[in-house]
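User: I would like to learn how to read contacts between side chains in a model like this one. Could we go through them one kind at a time?

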Amino acid sequence: MVNPEIQGKRYPRTPRYLVGREKVREFAKAVMAGHESLDLDYARSNGYSDLVVPPTFPVVIQEQSLQVVLADPEAKIDFSRVVHGDQRFVYERPIVAGDELTSELEVASVKSLGGNHMVTFETKIFDANDSLVCTAISTLVVRGE
C-alpha cells in the first residue's frame with residue numbers, strides 16, 4: 001500500500017545528465033522522430049544549436065528521479081504492482097544535444113481508487129543555468145492486493 005503521506009514530498013535533484021547526440025539519434029529512431037532529431041545540418045538550418053530531442057525524450061531524465069522515489073522505503077511503492085497511467089510534458093524551450101540537465105521530483109498527489117493507488121509525479125527539469133526547460137508529469141497506478 002502506497003504511503004499517502006508522501007504527497008507533497010520533494011526529492012533531491014539528480015546528478016547532471018549530458019544530452020548526447022548519439023543518444024538523441026537512438027531515441028529519435030526508436031520513436032520515428034523528425035529530421036531535426038537526426039540530422040545536425042537540418043537542425044541548424046532550422047535555427048537550433050544542435051539536434052533537438054523528440055518530445056518524449058525527457059522521460060530519460062525523469063526516470064532518474066523516479067528511481068529515487070521507488071527506492072524510498074517511506075513511499076511504499078511496490079514496483080511489481082505498477083502500471084503506467086499517464087505521461088505529459090510541458091516545455092519551456094526545446095532541449096538540444098549538449099544540454100546538461102538535472103531533475104527534481106515532487107509527489108503531486110496520491111489517490112486511492114477502487115483498491116488501487118494513483119500516484120502523480122511532477123518532475124521539473126533544469127538546464128546548467130538552473131532555468132526550467134521542461135516539466136514531466138506522470139501518473140503511476142499501483143494495483144491493490
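User: Which residue forms a salt bridge with Asp-127, and how far apart are the closest N and O atoms?

Analyst: Side chains of opposite charge can pair when their charged atoms come close. In this model, which is predicted, Asp-127 pairs with Arg-93, and their closest N and O atoms are 3.2 Å apart. The pair links distant parts of the chain, 34 residues apart, since Asp-127 belongs to the loop between β4 (116-126) and β5 (132-142) and Arg-93 to the loop between β2 and β3 (100-113).

User: Are Asp-127 and Arg-93 buried or exposed?

Analyst: Asp-127 has a relative accessible area of 12% and is therefore buried, given that buried means under 20%. Arg-93, with 28%, is partly exposed.

User: Which acidic residues form salt bridges with Lys-9?

Analyst: Asp-72 forms one, with the closest N and O atoms 2.9 Å apart. Because Asp-72 lies in the loop between α3 (59-70) and β2 (82-91), while Lys-9 lies in the segment before β1 (17-18), this pair ties together parts that are 63 residues apart in sequence. Glu-74 forms another salt bridge with Lys-9, the closest N and O atoms being 2.6 Å apart. Glu-74 also lies in the loop between α3 and β2, so its pairing with Lys-9 ties together parts 65 residues apart in sequence. As for accessibility, Asp-72 counts as buried at 14%, whereas Lys-9 is partly exposed at 24% and Glu-74 is partly exposed at 36%.

User: How many salt bridges does the structure hold, and which residues are linked in a network?

Analyst: The structure holds 13 salt bridges. A network of them links Arg-10, Arg-13, Glu-104, Glu-106 and Asp-130. Arg-13 has a further contact, in that its charged end sits over the ring of Phe-126, 3.9 Å from the ring centre.

User: How many aromatic pairs are there, and why is the pair of Phe-27 and Phe-57 classed as it is?

Analyst: The idea is to read the distance between ring centres together with the angle between ring planes. The count comes to 1 aromatic pair. The ring centres of Phe-27 and Phe-57 are 5.1 Å apart and their planes stand at 75 degrees, so the pair is edge-to-face, for which the angle must be over 60 degrees. Phe-27 lies in helix α1 (residues 21-31) and Phe-57 in the loop between α2 (40-45) and α3, so the pair ties together parts that are 30 residues apart in sequence. Phe-27 is buried, with a relative accessible area of 19%, and Phe-57 is buried as well, with 0%.

Technical notes
Residues are numbered from 1 along each chain as its sequence is written. This is a predicted model: local features need pLDDT of at least 70, side-chain atom pairs count only at pLDDT 80 or more; totals for chains, interfaces and linings use all residues. Side-chain values use heavy atoms; hydrogens and water are left out. A salt bridge is a side-chain nitrogen of Lys or Arg within 4 Å of a carboxyl oxygen of Asp or Glu. Helices (H or I, at least four residues) and strands (E, at least two) are DSSP runs, numbered from the N terminus. Buried means under 20% relative accessible area, exposed over 50%, partly exposed in between (1.4 Å probe, protein chains only). Rings of Phe, Tyr and Trp (its six-membered ring) pair if their centres lie within 6.5 Å; planes under 30 degrees apart count as stacked, over 60 as edge-to-face and the rest as tilted. A charge sits over a ring if NZ of Lys or CZ of Arg is within 6 Å of the ring centre and within 35 degrees of the ring normal.
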